[in-house]
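Student: I have a model open and want to test the labels people attach to residues. Can we go through the reasoning one step at a time?

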Amino acid sequence: MTTYLLAGGGTAGHVNPLLAVADRIRETEPDATVLVLGTAEGLEARLVPLRGYELLTVPRLPFPRRPSRAALRFPSALRGAVAGVRELLARHDVDVVVGFGGYASAPAYVAAWRSHVPLVVHEANAKPGIANVLGSWFTRHVGVVHRSTRLRHGRQVGMPLRREIEQLDRRESRQEALVEFGLDPRKPTLLVTGGSSGARRLNETIARSATSVLGAGWQILHVTGQKSELRSTDLADHHLLPYCDRMDLALSAADLVVSRAGSATVSELTALGLPSVLVPYPVGNGEQRHNATDVVAAGGALLVADADFTPDWVRSTLVGLLQDRAAIAEMAVRAGTVGVLDGTDRTVELVREAPARADRDAPPRTQRHASSRTVSDRRTDRTDRTDAQTEKASPERP
């Protein structure tokens, strides 16, 4: 029996791949124990228990990016967090730590290294986060989503995808999708989405240029986001949804997608071979622009800066693309050359390599310190304890 500690959280970009890997481990290894390490403030505090996993928490510990009082306190706070995670590793007899970035990952990486527990790092963004850059120095088991990612020991495993995307047959589901959203089967569909919160630039530009898109013979399936003020339209073929809980069907209906360039979004589009126009979110450290690099270089997507995505650009560039179905079909093929559909299985395979490698590389047992026991040692100890408890609980034989 193996005990896994999956560390990460804060945002959906960290939590969703973590949960996809947790689910796959639970499916393929029913006797394994899967624990999650996160913070009490992040998205994981709600999603992890709902999925049936035990959540262990550490204090939220942002990396200081400039000199400040917080920066002076950071080393001491990190030491405290690492000590707390080491105690959790010992208490739960953890066999392998898997980190997905975010606030909880940095202390987990240091704690795993100091406790001699095998470590795996998964980086979702093309531009690695600080925590995962740190973690890559403590292990050779580093998985990345994008080919262009530069991270020590990184190898491409892809994004652990939601099961409904991983198993989606777009051609088979298309008719159901058209009925679900009330779409015209005779017209191609432009899917516009900025995620669950929406994207103001995308919403405003598409709303102001919808007639140009419809005039090109297309229809629009527009997921505006629940916070958007765009609620209605007089145009029959401009279908507005504040929220879409069947994105698998929305993607089945789509012939071209306009969206932000979050790593999960780009991964889903390329895994399904969907051509796209990517408009990176302009705030942050520019990771969305980097996430689009591979598929744009392959010819599977167009990249448009947020400030340039205007009604004029739609009329001058997007409409011309919509009228060239052969070009869109070629983009679809090229997008598919970048995508990875089995990212969950590849990541789980990487996770299982780490303890096996640790066992192979460990020194002879007589030379080992107790704190650096291999996975097989811990499993033996756990089995011995279980047998002893069972024997003690059994009635004496006459």
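Tutor: Start with a cut-off: partly exposed covers relative accessible areas between the buried limit, under 20%, and the exposed limit, over 50%. Keep in mind that this is a predicted model.

Student: Why is Arg246 called partly exposed?

Tutor: Arg246 has a relative accessibility of 30%. Buried needs under 20% and exposed needs over 50%. Neither limit is met, so Arg246 counts as partly exposed.

Student: What makes Arg246 and Asp248 a salt bridge?

Tutor: The closest N and O atoms of Arg246 and Asp248 are 2.9 Å apart. The cut-off is 4 Å, between a side-chain nitrogen of Lys or Arg and a carboxyl oxygen of Asp or Glu. The pair is within it, so the name applies. Side chains of opposite charge can pair when their charged atoms come close.

Student: Is Asp248 buried or exposed?

Tutor: Asp248 is buried. Its relative accessible area is 10%, and the limit is under 20%.

Student: Which residues are joined into one network by salt bridges that share partners?

Tutor: Arg24, Glu27, Arg163, Glu166 and Asp345. The structure holds 20 salt bridges.

Student: How do you know that Arg174 and Asp255 form a salt bridge?

Tutor: Their closest N and O atoms are 3.2 Å apart. That is within 4 Å, so the pair qualifies. This pair links distant parts of the chain, 81 residues apart. Arg174 lies in helix α7, and Asp255 in the loop between α9 and β11.

Student: Why is Asp255 called buried, and Arg174 partly exposed?

Tutor: Asp255 has a relative accessible area of 18%. That is under 20%, so Asp255 is buried. Arg174 has 23%. That falls between the two limits, so Arg174 is partly exposed.

Student: Where do Glu87 and Arg91 lie?

Tutor: Both lie in helix α3, residues 69-91. They are four residues apart, about one turn of the helix. They form a salt bridge, with the closest N and O atoms 2.5 Å apart.

Student: What makes Arg91 exposed?

Tutor: Its relative accessible area is 55%. The limit is over 50%, so Arg91 is exposed. Glu87 has 38%, so Glu87 is partly exposed.

Student: How do you know that Ser105 is buried?

Tutor: Its relative accessible area is 0%. That is under 20%, so Ser105 is buried. Ser105 lies in helix α4, residues 105-114. Beyond four places away in sequence, Ser105 touches Ala7, Gly8, Gly99, Phe100 and Ala131.

Methods
Residues are numbered from 1 along each chain as its sequence is written. This is a predicted model: local features need pLDDT of at least 70, side-chain atom pairs count only at pLDDT 80 or more; totals for chains, interfaces and linings use all residues. Side-chain values use heavy atoms; hydrogens and water are left out. Helices (H or I, at least four residues) and strands (E, at least two) are DSSP runs, numbered from the N terminus. Buried means under 20% relative accessible area, exposed over 50%, partly exposed in between (1.4 Å probe, protein chains only). Contact means heavy atoms within 4.5 Å.
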